[in-house]
Amino acid sequence: MTHASFEAQVDTYLDGELAAGDARALETHLAQCPDCTRFRDGRLELRAAIVAGVPTFQAPPALHERVLAAARGSSSPRAPHRFTVQNVWRPLALAASLAVVALGSWTLALQRAAGEALADDVLASHIRSLMPGHLTDVPSSDQHTVKPWFNGRLDYSPPVYDFAGRGYPLLGGRIDYVGGRAVAALVYGRRQHVINVLLWPAASGPASGPSTRTRQGYHELHWTTPDYTCWLVSDLGLAELQEFVLLLRQADSAAGAR
Amino acid sequence: MESGARFEALVLPHLDAAYTLARYLTRNAQDAEDIVQDACLRALKYLEGFRGEEATSARAWLLTIVRNTAHSWRKRHRPDALAVEFDEMEHSDAVVHDPEAKETLGRALDRLAPEFREVVVLRELQGLSYKEISDVTGVPIGTVMSRLSRARARLQEALREEEVR
């Protein structure tokens, strides 16, 4: 394989469409080719910029109503339909939802018990991170750049992985403030979705979870490892998030056994 | 299931995706609304011919109709649009814009030719697979890949220009 043909595969690889065997060959090449690595990092940067800056839109309510009326007009009247309610909670267009959701979560935080308040903190952190320029303090797809960046900024060194080969590329990391302490936030991508993973050292206990909750169209998954308490939040589908948590936990236990 | 209920279950959940695609194809909220409505009426009419049951394929099917509606709509209502749009966009650059990154990247996307813009929207915003994009746009997967690659290179240039500024 020539260098050019490897570079041509990077997009396919990041799009999760490269066959597993080819992906492994490309990963081997990436590890030793600074040009290809630069090319890949440029693409990841672009992806993060698109996620942060190019919005999706929500169909105007009037359009929704007209289409619905047309659909119902073409059939006999039926029992009440369920989906209008679901639609309200579907992940909203970023611009429209930020203010509402952030305000809502702050108000609720005041009324909730500690666990709930923490979940609200995590959600607020996620929403904050989606505002332009807030996603990462250290934008990098290289775990060996992101992990050391936390040195001197936190009193622990969080585990950082890159699952680009599985379609969950590392986008970077940042420090956030959750539950009354500074915590590591690791940012992963999945297509146009952002996944925030927040974690901090936990009093040593048995591994548990993940437990799941959904609020305001975002999923929050919470689990603990022997060393850390972990939160994940994203608007990605629950099945894929659970797959991602599985990947993280497998990587954790592989690292622990080493 | 008769067609109205089937439409609500299969097609309506993808209304936001349809509207987003139309917004980027037309770059205009009102046109996008008209096109999506038009496309939904067509979808309703042809739903019986649609055999797929899976949610993702219903989405690709609706997006195909939106895309084709937008193209024929453009020919009918804006026959000169294809010819002048690039000049227009270049000129509009002279206007002072808020120099935020999202503005620049968004405008760079708007300046791409429609066949490049649509693959970016379908891939990066809608998360469609190469196969689905190929189905929606009616071009081979190889063409989808090369268009994506060229479009991304253009957008990265725009991003770099923004960083330099």
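**Figure 1. Helix α3 on the sheet of chain A.** In this predicted model, helix α3 of chain A, residues 34-53, lies across four strands: β1, β2, β3 (181-190) and β4 (193-201) of chain A. Against β3(A), the helix runs at about 105°. As for the rest of the chain, chain A holds nine helices and seven strands. Of its 258 residues, 36% are buried. Take the contacts in chain A between residues at least 6 apart in sequence, and 56% of them join residues at least 24 apart.

**Figure 2. The open sheet of chain A, strand by strand.** Read across the seven strands and you get the order β1-β2-β3-β4-β7-β6-β5 (chain A). The pairing is antiparallel, and the sheet is open. At the edges sit β1 (138-139) and β5 (208-215) of chain A, each of which pairs on one side only.

**Figure 3. Zooming in on the β1 edge of chain A.** Here β1(A) meets strand β2 of chain A, residues 170-178. The two run antiparallel and are joined by two bridges. If you want a residue pair to look for, try A:Pro139, whose bridge partner in β2(A) is A:Gly172.

**Figure 4. A:Leu154, a loop residue with partners far along the chain.** You'll find A:Leu154 in the loop between α8 (143-149) and β2 of chain A. Is A:Leu154 buried or exposed? Somewhere in between: 16 other C-beta atoms lie within 10 Å of A:Leu154, so this residue counts as partly exposed. The cut-off for buried is 20 or more such atoms, and for exposed 12 or fewer. Which residues does A:Leu154 touch, leaving aside its neighbours within four places in sequence? The contacts are A:Ile175, A:Ala182 and A:Ala184. One of these, A:Ala182, is 28 residues away along the chain, yet the C-alpha atoms of A:Leu154 and A:Ala182 are separated by 7.3 Å.

**Figure 5. Two helices of chain B crossing.** Chain B is a helix-only affair as far as these elements go, with nine helices and zero strands. This view picks out helix α2 (residues 15-26) and helix α3 (residues 29-46) of chain B, whose axes come within 8 Å and cross at roughly 130°. Why call them oblique? Angles over 145 degrees would count as roughly antiparallel and 65 to 115 as roughly perpendicular, so α2(B) and α3(B) end up oblique to each other. The crossing of α2(B) past α3(B) is right-handed. On the α2(B) side, the residues that meet α3(B) are B:Ala18, B:Tyr19, B:Ala22, B:Arg23 and B:Thr26. Facing them in α3(B) are B:Ala29, B:Asp31, B:Ala32, B:Ile35, B:Val36 and B:Ala39. Sorted by class, this helix-helix contact comes to eight nonpolar residues, one polar and two charged. Looking at chain B as a whole, 41% of its 165 residues count as buried. Of the contacts in chain B with a separation of 6 or more, 66% are between residues 24 or more positions apart.

**Figure 6. Where chain B touches chain A.** How many residues does each chain put into the contact? Chain B contributes 38 and chain A 34. On the chain B side, at least two residues each come from α1 (3-10), α2, α3, α6 (101-111), α7 (114-125) and α9 (141-164). The biggest giver is α9(B), with seven residues. By class, the side of chain B that touches chain A splits into 19 nonpolar, nine polar and ten charged residues.

How values were computed
Residues are numbered from 1 along each chain as its sequence is written. Chains are lettered from A and ligands numbered from 1 in the order in which they are written. This is a predicted model: local features need pLDDT of at least 70, side-chain atom pairs count only at pLDDT 80 or more; totals for chains, interfaces and linings use all residues. Axes are lines fitted to C-alpha atoms, for helices over the stretch in contact, and angles run from 0 to 180 degrees between N-to-C directions. Angles under 35 degrees count as roughly parallel, over 145 as roughly antiparallel, 65 to 115 as roughly perpendicular and the rest as oblique. A crossing is left-handed if the near helix is turned anticlockwise from the far one by less than a right angle, and right-handed if clockwise. Two residues are in contact if their C-beta atoms, placed from the backbone, lie within 7 Å. Ala, Val, Leu, Ile, Met, Phe, Trp, Tyr, Cys and Pro count as nonpolar, Asp, Glu, Lys and Arg as charged, and the others, Gly among them, as polar. Two strands pair if DSSP finds at least two bridges between them.
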